[in-house]
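Subject: Handing over a structure

Hello,

Here is the structure I promised to pass on to you. Please have it open while you read the notes below.

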Amino acid sequence: MDKREMSCDVVIVGCGAAGLYTALSLPEGTRTVMLSKGSFEECDSMLAQGGICVLPEADDYDVYVEDTMRAGHYENRRESVDVLLRSSRSAINDLVALGVDFEREQDGSLAFTREGAHRRPRICYHADVTGREITSKLLERVRELPWVRMFEHLACADLIDEAPAPGESGPATPAACGGVVAVPVSEEESTRKADELGGVASDAVRIRARATVLATGGIGGLYERSTNFPQLTGDACSIAAAHGAQLEHMDYVQIHPTSLYEGPEASGRAFLISESCRGEGAVLLNRAGERFCDELQPRDVVTAAIYRQMELDGMPYVRLSFENVPDDVIRGHFANIYQHCLEAGYDICREPIPVVPAQHYFMGGIHVDLDSATTVPGLYAVGETSCTGVHGKNRLASNSLLEALVFSRRAAYRITTGESLSVEPTGEPPLDGRHRPCGGYRSGIDALARDAVGDDVGKPSGEAEATYPAIDFDGAGGAVEVPPAARKKECAR
Ligand SMILES: Cc1cc2nc3c(=O)[nH]c(=O)nc-3n(C[C@H](O)[C@H](O)[C@H](O)COP(=O)(O)OP(=O)(O)OC[C@H]3O[C@@H](n4cnc5c(N)ncnc54)[C@H](O)[C@@H]3O)c2cc1C
């Protein structure tokens, strides 16, 4: 076998929340390879500030559905929204059972904050660094799985086509996906688009897999002003489309109303000023220091109002005032934002800060069904690069991390069993931070969760190591020759 060829059961392209949770949801012993174009830190999941939604109680169901649909201009797929809400409590329980620390009320129950277009507080959070808390814990947990091998600075540049199974071929039958072609990239090269990476480069690695999961995140790297990491250039969409996958709503791009304006010469990633600041009372002001819109409208509505006001004022920004937000909330809940603004020369406890809209999120993407399957056999897409239809034309704040988790768990279940994961009854299970297995097989989460319900879960992971020792990734018994740039970055256990 060629030294630049690996084989595994599942290859996951992307190491953000969606990719990591997919890996954790696969059965113990699944030989899994994960790729990250930049470093593991360079994913948007690490940047999420506001939080992650949950259905706090059964009687919020109708209001939460309506908030999501209204924000999405009623172009959402209703069945996807239903799955999202009814699976949300299990997802949050899993995070807690995997060690994620959310803010709590005095009685120990989860504390909820609120963001624009949410009529009720239903967002779990960890100060204003929720994404870092969630993603770093998921990364730690995946690193404990001996059957997962992770590479930084190894970029997917193409897919491997397999001939359709006998009897399934016809003029419209796309080839099945048999894995990916990946190329090692330096930090500088990692911001290039897939088609500029040279899929036939001499150091390319062919990673053959039974199932391929695309979890490459958003498209902010294609924009001049974005809150996203520059590595996120929509690679999965262009690569999948070239292999016959259906794309959906490629023009549904969300512009966030408030990123910090750091001067006309500022370059690099725009710093987000979370919507939860407005949820907690911060208000937008025009040049004359007057409010000019309802700050808690959906993002696209507030963004349009800001652009109008900037034009009227002849200014490159408007201002956001924290006058109504108590100092202890600013220094506690918004500690990261407070610190960043201070470093940029603004004390938000004393003065309004200049803000301007920036590209933020991509509602469109690779069309998937409720199990995250694309229209190409063997190819799945999860997280921001997929279009589940949850968000319609405009995403409701804090629904995206939740979507990434809920639909990646469904992808893992479908890959493993060939079936759809059943959905919990509305308002179930209790929000008690305990993991419940999905049944049928023992997953990585079943092995790792520190608090689990069920007989066959929560066994020490030492047993997993004993059952699944070293993995023969190249199927030939020898060591795989991974190109130096990526080998150097292979995740240490
Ligand atoms: C500043 C900011 C704040 C946010 N706040 C919130 C919030 O409070 N709540 C919320 O729900 N959502 C929030 N979001 C949105 C949310 O963070 C993202 O939608 C979500 O994290 C996407 O997860 P993901 O796993 O799909 O992608 P990411 O976490 O972005 O991961 C993408 C991965 O794909 C890899 N990759 C990309 N291309 C390739 C390639 N060709 N080959 C190999 N690897 C590749 C990257 O290296 C990375 O590892 C925020 C986003 C930003 C930018």
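A word on terms before the ligand: a polar contact is a pair of N or O atoms within 3.5 Å; within protein, one of the two must be able to donate a hydrogen and the other to accept it, and residues adjacent in sequence count only if both atoms are side-chain atoms. By that rule, a backbone N or O atom of Leu401 makes such a contact, lying 2.8 Å from an oxygen atom of the ligand. Two more can be listed: the side chain of Ser45 has an N or O atom 2.4 Å from a ligand oxygen, and a polar backbone atom of Cys156 is 2.8 Å from a ligand nitrogen. The protein covers 98% of the 1000 Å² of accessible area that the ligand has on its own (areas come from the Shrake-Rupley method with a 1.4 Å probe, and for residues only the protein chains shown count as cover).

Please keep in mind that this is a predicted model, where local features need pLDDT of at least 70 and side-chain atom pairs count only at pLDDT 80 or more, while totals for chains, interfaces and linings use all residues. Residues are numbered from 1 along each chain as its sequence is written, and side-chain values use heavy atoms, with hydrogens and water left out.

Around the ligand there are 38 residues, of which Ser45, Gly51, Asp235, Glu384 and Ser400 come nearest (a residue is near if one of its heavy atoms lies within 4 Å). By class, this shell has 16 nonpolar, 17 polar and 5 charged residues; Ala, Val, Leu, Ile, Met, Phe, Trp, Tyr, Cys and Pro count as nonpolar, Asp, Glu, Lys and Arg as charged, and the others, Gly among them, as polar. β6 gives the most to the shell, with 3 residues. At least two residues each come from α1 (17–25), β2 (32–36), β6 (154–162), β13 (353–362) and α10 (400–417). Helices (H or I, at least four residues) and strands (E, at least two) are DSSP runs, numbered from the N terminus.

Now to the sheets, where two strands pair if DSSP finds at least two bridges between them. One open sheet has 4 strands in the order β10-β13-β12-β11, with antiparallel pairing. β10 (253–260) and β11 (283–285) stand at its edges with a single partner strand each, so one side of each has no neighbour in the sheet. β11 pairs with β12 (residues 318–321) over 3 bridges, and Val283 has Ser321 in β12 as its bridge partner. β12 also pairs with β13 over 3 bridges, where Leu320 is matched with Ile353.

Another open sheet, of 3 strands, has the order β9-β14-β16 and mixed pairing. Its edge strands are β9 (247–248) and β16 (386–387). Antiparallel β9 and β14 (residues 365–367) are joined by 2 bridges, and Glu248 stands opposite Gly365.

Last, the aromatic rings: the whole structure holds 2 aromatic pairs (rings of Phe, Tyr and Trp, its six-membered ring, pair if their centres lie within 6.5 Å; planes under 30 degrees apart count as stacked, over 60 as edge-to-face and the rest as tilted). Tyr261 and Tyr317 form a tilted pair, 4.9 Å centre to centre with 35° between the planes. Tyr261 lies in the loop between β10 and α6 (275–279) and Tyr317 in the loop between α7 (299–313) and β12, so the pair ties together parts that are 56 residues apart in sequence.

Best wishes
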